[in-house]
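Here's a quick briefing on the structure below, starting with its charged side chains and then moving out to the fold as a whole.

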Amino acid sequence: MNQPIAVVGVAIVRQGADGHEILAGRRVKPPELAGGWELPGGKVDPGETHEQAAHREIEEELGVQIVLGERIDGPIEGGWQLSPHHLMQVFVASLAHDQTPKALGSHDALQWVPASDWQSVEWLEGDLAPVQALVNRLEN
């Protein structure tokens, strides 16, 4: 069996006026995922740790630096089954400085989603369980 492709998802969280907010990005490609909302992130390059990939992907996709926090463990060893061929580790993070994330290609829109109303955007199927786990963690 082939090794699954390692992917990172980064749940950038901030404190909003009414509680925690999670940054969501609306995908532009591939066509079957376009228009769906996700946690920013992407593939782990060969020789790169998941943590290094998280920093690199966020800088490439959003043009910001992050402070990486804890990992949100998934239901299987290695994280969350994103697809039959992709296994995602999800990290909680915050913005490193007073920066404004920008949609730089992978996304056509970014939105701060209140944790209390996390289902107000149409999350991609693979992101639903990790976002739910994050919200449960934030609310406790």
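Asp45, Glu48, Arg56, Glu57 and Glu60 are linked to one another in a network of salt bridges. Keep in mind that this is a predicted model. Across the structure there are nine salt bridges, and a few of them are worth a closer look.

**The network and helix H1**
- Two members of that network, Glu60 and Arg56, pair up directly, with their closest N and O atoms 3.3 Å apart.
- Both of these residues, Glu60 and Arg56, sit in helix H1, which covers residues 50-62.
- They are four residues apart there, or about one turn of the helix.
- Glu60 has a relative accessible area of 46%, so it counts as partly exposed.

**Salt bridges between distant parts of the sequence**
- Arg26 and Asp108 make a salt bridge through their side chains, at 2.7 Å from N to O.
- Arg26 belongs to strand S2 (residues 19-27) and Asp108 to strand S8 (residues 107-114), so this pair ties together parts that are 82 residues apart in sequence.
- Is Arg26 buried or partly exposed? With 28% relative accessibility, Arg26 comes out as partly exposed.
- Asp108 has a relative accessible area of 45%, which makes it partly exposed.
- Glu70 and Arg137 form another salt bridge, and here the closest N and O atoms are 3.3 Å apart.
- Glu70 is in strand S5 (residues 66-72) while Arg137 is in helix H2 (residues 125-139), so the pair connects parts that are 67 residues apart in sequence.
- Glu70 is partly exposed at a relative accessible area of 47%, and Arg137 is partly exposed at 34%.

**Charge overall**
- How many positive and negative side chains does the protein have? There are 9 positive and 21 negative ones.
- The centres of those two sets lie 4 Å apart.

**A buried residue: Ile22**
- Ile22 is found in strand S2, the strand that also holds Arg26.
- Its relative accessibility is 0%, and since buried means under 20%, Ile22 counts as buried.
- Leaving aside residues up to four places away in sequence, Ile22 touches a long list of partners, including Ile12, Val13, Leu39, Trp112, Val113 and Trp123.
- Val131, Leu134, Val135 and Leu138 are also among the residues that Ile22 touches, and those four positions fall within the range of helix H2, residues 125-139.
- Ile22 and Ile12 are ten residues apart in sequence, and their C-alpha atoms are 5.8 Å apart in space.

**Fold and packing**
- The protein has two helices and eight strands.
- In sequence order the pattern runs β-β-β-β-α-β-β-β-β-α.
- The radius of gyration is 14 Å, close to the 14 Å the globule rule gives for 140 residues, so the protein is as compact as a globular protein of that length.
- Taken along the principal axes, the C-alpha atoms fill a box of roughly 50 × 30 × 30 Å.
- Of the contacts with a separation of 6 or more, 65% are between residues 24 or more positions apart.

**Burial and surface**
- What share of the 140 residues is buried? Buried residues make up 43% of them, and Ile22 is one of the buried ones.
- The accessible surface of the protein is about 7,700 Å².
- Carbon and sulfur atoms account for 48% of that surface.

Note on methods. Residues are numbered from 1 along each chain as its sequence is written. This is a predicted model: local features need pLDDT of at least 70, side-chain atom pairs count only at pLDDT 80 or more; totals for chains, interfaces and linings use all residues. Side-chain values use heavy atoms; hydrogens and water are left out. The radius of gyration is taken over C-alpha atoms; the globule rule is 2.2 Å times the number of residues to the power 0.38. Buried means under 20% relative accessible area, exposed over 50%, partly exposed in between (1.4 Å probe, protein chains only). Contact means heavy atoms within 4.5 Å. Accessible areas come from the Shrake-Rupley method with a 1.4 Å probe; for residues, only the protein chains shown count as cover. Lys and Arg count as positive and Asp and Glu as negative; His and the chain ends are not counted. The place of a charge is taken as NZ of Lys, CZ of Arg, CG of Asp or CD of Glu. A salt bridge is a side-chain nitrogen of Lys or Arg within 4 Å of a carboxyl oxygen of Asp or Glu.
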